[in-house]
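The following note is offered to a colleague who is meeting this structure for the first time. It takes up one helix and then the surroundings of the ligand.

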Amino acid sequence: MSDADRIPVLSLTLGELEQWMEQTGQKKFRARQIYEWLHVRHARSFDEMTNLPKALREELAAKCRIPALDAVEVLTSQTDGTQKFLFALEDGNVIESVLMRYHYGLSACISSQVGCRMGCRFCASTIGGCIRNLSAGEMIGQVRKMAEIAGERIGHVVIMGSGEPLDNYENLVRFLRIMGDPDGERLSLRDITVSTCGIVPNIRRLAGEDLPVTLALSLHAPSQEKRLRLMPIAKKYPLADVMDAMRDYYERTGRRITFEYSCVEGENTSPQDAQMLADLVQGMNCHINLIPVNPVTERSYARPDRQGMEAFRRKLEKRGISVTIRREMGRDINGACGQLRRSYLNSSGD
Ligand code: SAH
């Protein structure tokens, strides 16, 4: 059996593993043992699974694989210890992930696709389009590999790397189920944030999955007209519909909504923009994260200066809105979403 034909077991939920055990004539309880080896003890080979009969271990090794990511490049910030990773997948594609150190512990920012097809104007991840979706195992693999390199448990995960998680819905949900499983990776779903550009039907679907993760909307503009200038997806899913879906998410999950707002000089940070933004989120239980836009080599957007950022924040605060300017981690290893991968692809002649 070739490598590609073997089952990538990290992507299977416990239920699926149980089903597979039964189909292959094994005892169902073995699935739980394997699942624990994979997601609690983080075994790298079937050989390590010493409480399984040798014959089963051999069968597993023949029919399944435990995909591992290969760290091609690791950049470490001298100022705050933030690390950026370029990981190679089994098929040679590369993705990037970030590990941030906070007082409450490690937080991992992971990618959900190789590239992205959403086309946001200021974003580097979307420049070469979307190559493919990541499997749940590849998303788990990023968290695992970073924890392994750091030698420490990761307590928070944000899906804010390259890709649109709600454009890879099935794999995202599978990833969340395994991450939040008390028999699996044991993360609290509340400590996981899914960030979306606003795929309305899937925001509504996620609200019904019984997976109470924090949902962040990449808002970036206070009106449909302005949003369209930055985010082509607004054409398919107009702002009013996205806001309705976000309100619905809050009502059904009780999770406070986060809005990401990348500040672009001359585009979305005028006093009128602040007023419109305050009106837009009026009455919602939400938090706004202001992010000075990260200049991308291939794009010509600039960030407001410090005073500009502060003035915008104060305007929102005056309207009683919970708002912060995102602390920039790893300034010295700068590179917005997708930039590390882009520079790698550029240098390797892609
Ligand atoms: N596709 C998802 C998640 C990926 S990006 C989403 O749209 O939310 C994570 C966040 O970084 C998004 O809010 C995205 O709009 C923002 N972002 C991307 N490139 C940026 C840049 N150059 N400067 C500032 N924010 C950027």
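1. A residue is called buried here when its relative accessible area is under 20%, with a 1.4 Å probe and protein chains only as cover. The model is a predicted one. By that criterion, the buried residues of α2 are R30, A31, Q33, I34, Y35, W37, L38 and H39.

2. Helix α2 spans residues 29-39, and eight of its eleven residues are buried, which leaves the helix mostly covered. An α-helix has 3.6 residues a turn, so residues three or four places apart point the same way. Against which elements do the buried residues of α2 pack? Their partners are α1 (14-23), α3 (54-63), α4 (136-150) and α5 (169-180).

3. The ligand is surrounded by 19 residues, of which G163, S195, S218, H220 and N294 are the closest. Sorted by class, this shell holds nine nonpolar residues, eight polar ones and two charged ones.

4. Several polar contacts to the ligand may be noted. The side chain of H220 places an N or O atom 2.6 Å from an oxygen atom of the ligand. Two further contacts involve the backbone: an N or O atom of F122 lies 3.0 Å from a ligand nitrogen atom, and one of C197 lies 3.4 Å from a ligand oxygen atom.

5. How much of the ligand's area does the protein bury? Taken alone, the ligand exposes 530 Å², and the protein buries 94% of that. The elements that contribute two or more residues to the surrounding shell are β10 (192-196) and β12 (257-263).

Definitions and conventions: Residues numbered from 1 in each chain as written. Predicted model: local features only at pLDDT ≥ 70, side-chain atom pairs only at ≥ 80, totals over all residues. Heavy atoms only, no water. Near = heavy atom within 4 Å. Polar contact = N/O pair within 3.5 Å; in protein donor to acceptor, adjacent residues only side chain to side chain. Areas by Shrake-Rupley, 256 points an atom, 1.4 Å probe, with all protein chains shown as cover. Helix = DSSP H or I, 4+ residues; strand = E, 2+ residues; numbered from the N terminus. Nonpolar A, V, L, I, M, F, W, Y, C, P; charged D, E, K, R; others polar. Buried < 20%, exposed > 50% of the residue type's maximum accessible area, 1.4 Å probe, protein only. Contact = heavy atoms within 4.5 Å.
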